[in-house]
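Colleague: Could you take me through one part of this model slowly, as I am new to reading structures? I would like a close look at a single helix and what surrounds it.

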Amino acid sequence: MAARSRPVDAGAERLGLVIKRAEQVLIAEKTRVLRPFGLTVPQYAAMVAIAATPGISGARAARLCHVTPQTMAVVLAGLEAKGLIERQPSGDHAQVLVTRLTRAGHALFRRADAAALAVEERLAAAFSDAELVTLRELLVRAAEAIPAPAAAG
């Protein structure tokens with residue numbers, strides 16, 4: 001199906017801008033509530049992935065957090081330097097490091113997660129239960145609507 005050509009309506013917000021605005025407001029508020037814990041939103045997201053999947057590889061954590069492996073390597077190095085995670089060679093693959101939260105990491109994560117979840121609960125409170133189901137479905141559909149460009153090569 002060919003794309004429809006439409007004149008630009010300066011008075012209407014474009015869909016991409018509305019989605020970006022919602023994301024920016026959410027990230028800004030999570031940044032604010034995570035700051036007292038000494039965590040960035042990417043560090044918190046990595047800790048969510050690690051807490052959910054102890055022994056996760058950096059590559060898998062990158063996929064779960066929708067970042068590149070290189071970006072995740074930087075995030076994990078920062079968490080490791082703070083003593084919040086530990087990485088060890090996998091028993092199955094010597095080249096793969098598995099990652100777990102340390103005791104201090106678990107303690108900090110529990111407190112930071114409560115603060116981040118409170119932000120999400122405030123967001124969810126703006127919608128009825130039925131609207132939340134619809135919103136999730138629509139956001140998943142939006143994420144799937146634009147295929148990723150094919151890899152060059």
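Modeller: Happily; here is a walk around helix α2 and its surroundings.

This is a predicted model, in which local features need pLDDT of at least 70 and side-chain atom pairs count only at pLDDT 80 or more, while totals for chains, interfaces and linings use all residues. Residues are numbered from 1 along each chain as its sequence is written, and side-chain values use heavy atoms, with hydrogens and water left out.

Let us start with the helix itself. Helix α2 covers residues 41–52, and its 12 residues reach 16 Å from the first C-alpha to the last, close to the 16 Å expected at 1.5 Å a residue. That expected span is 1.5 Å times one less than the number of residues. Helices (H or I, at least four residues) and strands (E, at least two) are DSSP runs, numbered from the N terminus. In α2, V41, Q43, Y44, A46, M47, A49 and I50 are buried, meaning under 20% relative accessible area with a 1.4 Å probe, protein chains only.

Next comes the sheet. Three strands form an open sheet in the order β1-β3-β2, with antiparallel pairing; two strands pair if DSSP finds at least two bridges between them. The edge strands, each pairing on one side only, are β1 (56–57) and β2 (85–89). Helix α2 packs on this sheet and touches β1, β2 and β3, its direction making about 95° with that of β3. Contact here means heavy atoms within 4.5 Å. Within the sheet, two bridges join β1 to β3 (residues 97–101), and S57 stands opposite V98 in β3.

Now for a helix neighbour. The axes of α2 and α4 come within 10 Å and cross at roughly 85°. Axes are lines fitted to C-alpha atoms, for helices over the stretch in contact, and angles run from 0 to 180 degrees between N-to-C directions. The two helices are therefore roughly perpendicular to each other, a term for angles of 65 to 115 degrees. From α2, P42, Q43, A46, M47 and I50 meet M72, V75, L76, G78 and L79 of α4. By class, this contact of α2 with α4 has eight nonpolar, two polar and no charged residues. Ala, Val, Leu, Ile, Met, Phe, Trp, Tyr, Cys and Pro count as nonpolar, Asp, Glu, Lys and Arg as charged, and the others, Gly among them, as polar.

Finally, α4 (residues 69–81) also meets α3 (residues 58–65): their axes come within 9 Å and cross at roughly 105°.

Key:
Buried means under 20% relative accessible area, exposed over 50%, partly exposed in between (1.4 Å probe, protein chains only). Angles under 35 degrees count as roughly parallel, over 145 as roughly antiparallel, 65 to 115 as roughly perpendicular and the rest as oblique.
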